[in-house]
Number of protein chains: 2
Amino acid sequence: MSQDIRVDDPIKELTSLLSRLPSIGERTATRLAFHVLADDPRFARALGESIAQIHDRVVRCTRCGNYGASALCSICSDSKRDHSLVCVVARVPDLVAIERSGTYRGGYHVLHGLLAPLEGIGPERLPLDTLIQRVRNGEVREVVIATPLNVEGEATALYVAETLRDMPCQVSRIASGVPHGGELEFTDQVTLGRAISERKSVHDSTQSQGQEP
Amino acid sequence: MSQDIRVDDPIKELTSLLSRLPSIGERTATRLAFHVLADDPRFARALGESIAQIHDRVVRCTRCGNYGASALCSICSDSKRDHSLVCVVARVPDLVAIERSGTYRGGYHVLHGLLAPLEGIGPERLPLDTLIQRVRNGEVREVVIATPLNVEGEATALYVAETLRDMPCQVSRIASGVPHGGELEFTDQVTLGRAISERKSVHDSTQSQGQEP
């Protein structure tokens, strides 16, 4: 937007702060700011206070790193879940996505980041201590590494797997392949190559040992 | 999103408030909430306070209704502008858009709404008092009605024009026609019909009285 627009400073300040949010450009930020101004002042106060206080009201679970309202998050304090199975994720939204799938009833370990040597995020920045401690205590039967399937996610998966090598637990990685509903014609070559090389025997369930096709 | 997602209440509260903003669905709201949580707490505080305080920090100009930091907005207090020309707009973003066009150096009158009888917004809810007073005082040479070119905007334009009839000022309406860069083939029939019936003489500037083509 040009420099000479005659809106006064508080609106410019709000617009500039809003446009720091992901996927919100300056035009959307301006529209949001004017919407907040045109709406009920009680809404602005409720939203503003909710944002301002979010870091004070939400704490990281001391055990798994998930967000929660107390020292143990709702997942870690759920006795119906299988806490001997631990899924390692990069961020809480990934945990939420896995929960949404409805297929997983174990616990989690949230890294809150991935290895990114170019950005100065090395292994010392990955909080693995509580996970290693749980594994050493014999609490964990299997660690499922569910970091993203990109360069940083794969590097992190490799590092977590190496760290847990020779420790008393199995380590697995989430499956990679053609996504549900995916057309082979439009699937990228890396995914398709992986889907072929990591093919599964169709008769696995009827045999005690899966035969390679 | 499904009911059983294990995020705790402050995040749900924030997500629900964010999703009340225009063009922000529940999925985007969730992503924004997690972004705010992952970002520097100082950013959350700055953004939250900016939103919470916006209604206290921004006041409506007592003369034109534009947003400002004091009783007279930056446009009304600009002595270089021609305040005998007053542009009537529905909302402040419309004023901002006109300012951005760089073609207008007069003043404004912001209605902060349009006639909408079905929603119970009748003429008594349109703040025209200060405009009428300025016109009666002889301060205004021309009122340019720049409400939107839709049903509510046209009804409001008609009402404003009727209110100002027989008062000592000219009343005009912004031009309607094919927009800049518009292909005639893809222009809707109402716009095209208007563009034909409101056609302008090409030689207007060389003659004292425009001849109808």
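Two strands count as paired here when DSSP finds at least two bridges between them. Keep that in mind for a first stop in this predicted model: B:Cys87 has B:Val144, in strand 5 of chain B, as its bridge partner. That link is part of a longer run, since strand 3 (residues 82–89) of chain B and strand 5 of chain B are parallel and joined by four bridges.

Stay on strand 5 of chain B and look to strand 6 (residues 170–173) of chain B. These two also run parallel, again with four bridges joining them. You can pick out the register from individual pairs: B:Glu142 is partnered with B:Gln170 in strand 6 of chain B, and B:Val144 with B:Ser172. So how does the chain get from strand 5 of chain B to strand 6 of chain B, and with what handedness? The path goes through helix 6 (residues 151–164) of chain B, and the β-α-β crossover is right-handed. B:Val144 thus turns up in two pairings, with B:Cys87 and with B:Ser172.

Strand 5 (residues 142–145) of chain B also has two faces worth telling apart. B:Val143 and B:Ile145 make up the covered face, while B:Glu142 and B:Val144 sit on the uncovered one.

Now hop over to chain A and look at the corresponding stretch. Strand 5 (residues 142–145) of chain A pairs with strand 6 (residues 170–173) of chain A in the parallel sense, over four bridges. Within that pairing, A:Val144 stands opposite A:Ser172 in strand 6 of chain A. Add helix 6 of chain A between the two strands and you have a right-handed β-α-β unit.

A good residue to click on in this unit is A:Ala157, which lies in helix 6 (residues 151–164) of chain A. Buried or exposed? A:Ala157 counts as buried, because 22 C-beta neighbours fall inside 10 Å, and the cut-off for that label is 20 or more. Setting aside neighbours within four places in sequence, the contacts of A:Ala157 are A:Ile145, A:Thr147 and A:Arg173. Two of these tie the helix back to the strands just described: A:Ile145 belongs to the range of strand 5 of chain A and A:Arg173 to that of strand 6 of chain A.

Follow the chain on from helix 6 of chain A and you come to A:Asp166, in the loop that leads to strand 6 of chain A. The backbone does something to notice here: phi of A:Asp166 is near 70°, a positive value in a residue that is not glycine. Most residues other than glycine have a negative phi. A:Asp166 counts as exposed, because just 5 C-beta neighbours lie inside 10 Å. Chain B offers another example in B:His112, whose phi is positive at about 55° although it is not a glycine. B:His112 is in the loop between strand 4 (106–110) and helix 5 (129–136) of chain B. With 17 C-beta neighbours inside 10 Å, B:His112 is classed as partly exposed.

Time to zoom out to the whole of chain A. There are seven helices and six strands, and from the N terminus their order is α-α-α-β-β-β-α-β-α-β-α-β-α. The chain is split into domain 1 (9–57) and domain 2 (67–201), with 34 Å between the C-alpha centres of the two domains of chain A. One pair of residues gives a feel for the spread: A:Ala157 and A:Leu14 are 143 residues apart in sequence and 39 Å apart in space, C-alpha to C-alpha.

The overall dimensions fit into this picture too. Chain A has a radius of gyration of 23 Å, where a compact globule of 213 residues would have one near 17 Å. Along the principal axes, its C-alpha atoms fill a box of roughly 75 × 45 × 35 Å. Buried residues come to 27% of the 213 residues in chain A. Of the contacts in chain A with a separation of 6 or more, 46% are between residues 24 or more positions apart.

Last, the meeting of the two chains. Here 47 residues of chain A are in contact with 47 residues of chain B. On the chain A side, helix 1 (9–18), helix 2 (26–38), helix 3 (41–57), strand 2 (67–68) and helix 4 (92–101) each supply at least two residues. Helix 3 of chain A gives the largest share, 14 residues. By type, the chain A side of this contact divides into 29 nonpolar, seven polar and eleven charged residues.

Key
Residues are numbered from 1 along each chain as its sequence is written. Chains are lettered from A and ligands numbered from 1 in the order in which they are written. This is a predicted model: local features need pLDDT of at least 70, side-chain atom pairs count only at pLDDT 80 or more; totals for chains, interfaces and linings use all residues. Two residues are in contact if their C-beta atoms, placed from the backbone, lie within 7 Å. Ala, Val, Leu, Ile, Met, Phe, Trp, Tyr, Cys and Pro count as nonpolar, Asp, Glu, Lys and Arg as charged, and the others, Gly among them, as polar. Domain bounds come from an automatic or database domain assignment. The radius of gyration is taken over C-alpha atoms; the globule rule is 2.2 Å times the number of residues to the power 0.38. A residue is buried if 20 or more other C-beta atoms lie within 10 Å of its own, exposed if 12 or fewer, and partly exposed in between; C-beta atoms are placed from the backbone. A crossover is right-handed if, with the strands pointing away from the viewer, the path from the first strand over the helix to the second runs clockwise.
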